[in-house]
Amino acid sequence: MTNNTKILYEEKLKSLADKYESQGFHVLTGLKTDELPFDLGNYQPDLIVTKNNLGFVIEIRTSLSRIYVERLQALAEEVSKHPGWRFLLVTLEDIEGKSLPGTSEKLISWQYLTDQFVQAHKLLENDEIQSAFLSIWSIFEDALRKRAIDVSIPIERFPVIGLIRHLYSLGELSISQFDLAQACLEVSNRLAHGYIENLNLPFVHNFDNLVRELLTEWKVEFDVSQLSSEGLAAFHTWFAEFYAAARDKRQELIQNLINDKSLLLVLELAGDLINEKLKKESNLNDKQVINVEFDVSLFSPEALATFRAWFTEFYPAAWDKQIEKDVTQQETLLSITGSPTLEPLTDLDPWIQSLIGVIQLGEENTTENYVDYLEEKYG
């Protein structure tokens, strides 16, 4: 690190530390690996800041060059395993935010971006080509930043050119998508600097299709990642049937989903007129699963094949993470309650009970309780 670079680094470090402290964060610098709140191997962060239930592990870089994003992504994933914690990468080339990194950031939802895209597409249908392009570009940039956060790639504050290049290098964009995105970036930059750009309709249509594909793919993957263990298992069963089904059978399954969504809509509109028992019997709690299934059922054959490849890799990994989470929760329960009994375990959700409920029934009448449990669960 040259003297000038070192000075820039130290100034940024002090500036960040002072700003976090001014907002009530507890700031730690210069921590050794054995002083970190959890094991990150040999990694030493520049800053650790905590406040209430929030914690940020922060690395500062003076330049975007020579950043090994794959390594940082692995760190971000490890940090995110701990509730309330997040890994942040801060560089001198970041876009300026209204707040400190990680604080008071309102993350745009995929549904919001999808709704905005529908409005932008209407501009294109009305031949308002330049307005449509600029609106779609804004949505595209927001989608890139949200995707980076969703998959723990800590580059959401990078300039858009860095976003595009790193997401491409990590396989989030195909080469054709990358080429079109770069071409659109050049057009966007010229328009932003006041130059007149004669946009042709086919070019904007291609960009419109690109953003539509990415929004659909990334929204569904995010929604699937947010499903509960029971919901994920239910979706896995449905998807296996749907993917293997013939065309006429798929149409039948899609019609079933349409009927389910219609029922859920009626129940939502009814609101308080429906009691809790009816809501449960009508599978209102399954709305998220039904919505995901419906979105997937509308994929093109190519998109469906791509999603299947992703889900085949995601599903066992998600199951392993859930087991790790449940084990952690069990260890926390043991540390708080000492010798566990049947009574506190009944307060846990069914998924955790199925994993640890039987094992931790207590020492009294273990065999008898185990038989009762099996009879009650399986008949």
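## A walk through the helices and salt bridges

Start with the whole chain in cartoon: you should find 15 helices and 4 strands in the protein chain. Keep in mind throughout that this is a predicted model. Colour by burial next, and 39% of the 379 residues count as buried. If you switch on a surface, its accessible area is about 22,200 Å², with 51% of that belonging to carbon and sulfur atoms. Contacts reach across the sequence too: among those with a separation of 6 or more, 63% are between residues 24 or more positions apart.

**Stop one: helix α3**

Select residues 110–125, which make up helix α3. Put a distance between the C-alpha atoms at its two ends and you get 22 Å. That agrees with expectation, because 16 residues at 1.5 Å a residue should span 22 Å.

Now show side chains for W110, L113, F117, A120, H121 and L124, the buried residues of α3. Turn the view until you look straight down the axis of α3: these buried residues fall within an arc of 105°, so they line one face of the helix. What do the buried residues of α3 pack against? Bring up α4 (129–150) and α7 (201–225), and you have the two helices they pack against.

Before leaving, step just past the end of α3 to D127, where phi is positive at about 65°.

**Stop two: along helix α7**

Stay with α7, and select D208 and R212. These two form a salt bridge, with their closest N and O atoms 3.3 Å apart. Both lie in helix α7, 4 residues apart, or about one turn of the helix. Are the two partners buried or exposed? D208 is buried, with a relative accessible area of 0%, while R212 has 36% relative accessibility and so counts as partly exposed.

Move along α7 to K219 and D223 for another salt bridge, this one with closest N and O atoms 2.9 Å apart. Here too the residues are 4 apart in helix α7, about one turn of the helix. K219 and D223 are both buried. Salt bridges with shared partners also join R147, E172 and E221 into one network, so select those three together.

Go back to D223 and look at what surrounds this aspartate. Its relative accessibility is 16%, and buried means under 20%, so D223 counts as buried. Which residues does D223 touch, leaving aside neighbours within four places in sequence? Show Q288, V292 and D295: D223 is in contact with these three.

**Stop three: a bridge between distant parts of the chain**

Finish with R86 and E156. They form a salt bridge in which the closest N and O atoms are 2.7 Å apart. Follow the chain from one partner to the other and you cover 70 residues, as the pair links distant parts of the chain. R86 sits in strand β4 (residues 85–91), whereas E156 is in the loop between α4 and α5 (160–169).

Colour this pair by accessibility as well. R86 comes out at 22%, which is why it counts as partly exposed. E156, at 12%, counts as buried.

If you'd like to keep going, the count for this model comes to 13 salt bridges, including the ones visited here.

Conventions: Residues numbered from 1 in each chain as written. Predicted model: local features only at pLDDT ≥ 70, side-chain atom pairs only at ≥ 80, totals over all residues. Heavy atoms only, no water. Buried < 20%, exposed > 50% of the residue type's maximum accessible area, 1.4 Å probe, protein only. Contact = heavy atoms within 4.5 Å. Areas by Shrake-Rupley, 256 points an atom, 1.4 Å probe, with all protein chains shown as cover. Expected span 1.5 Å × (residues − 1). Arc of directions from axis to C-beta. Salt bridge = Lys/Arg side-chain N within 4 Å of Asp/Glu carboxyl O.
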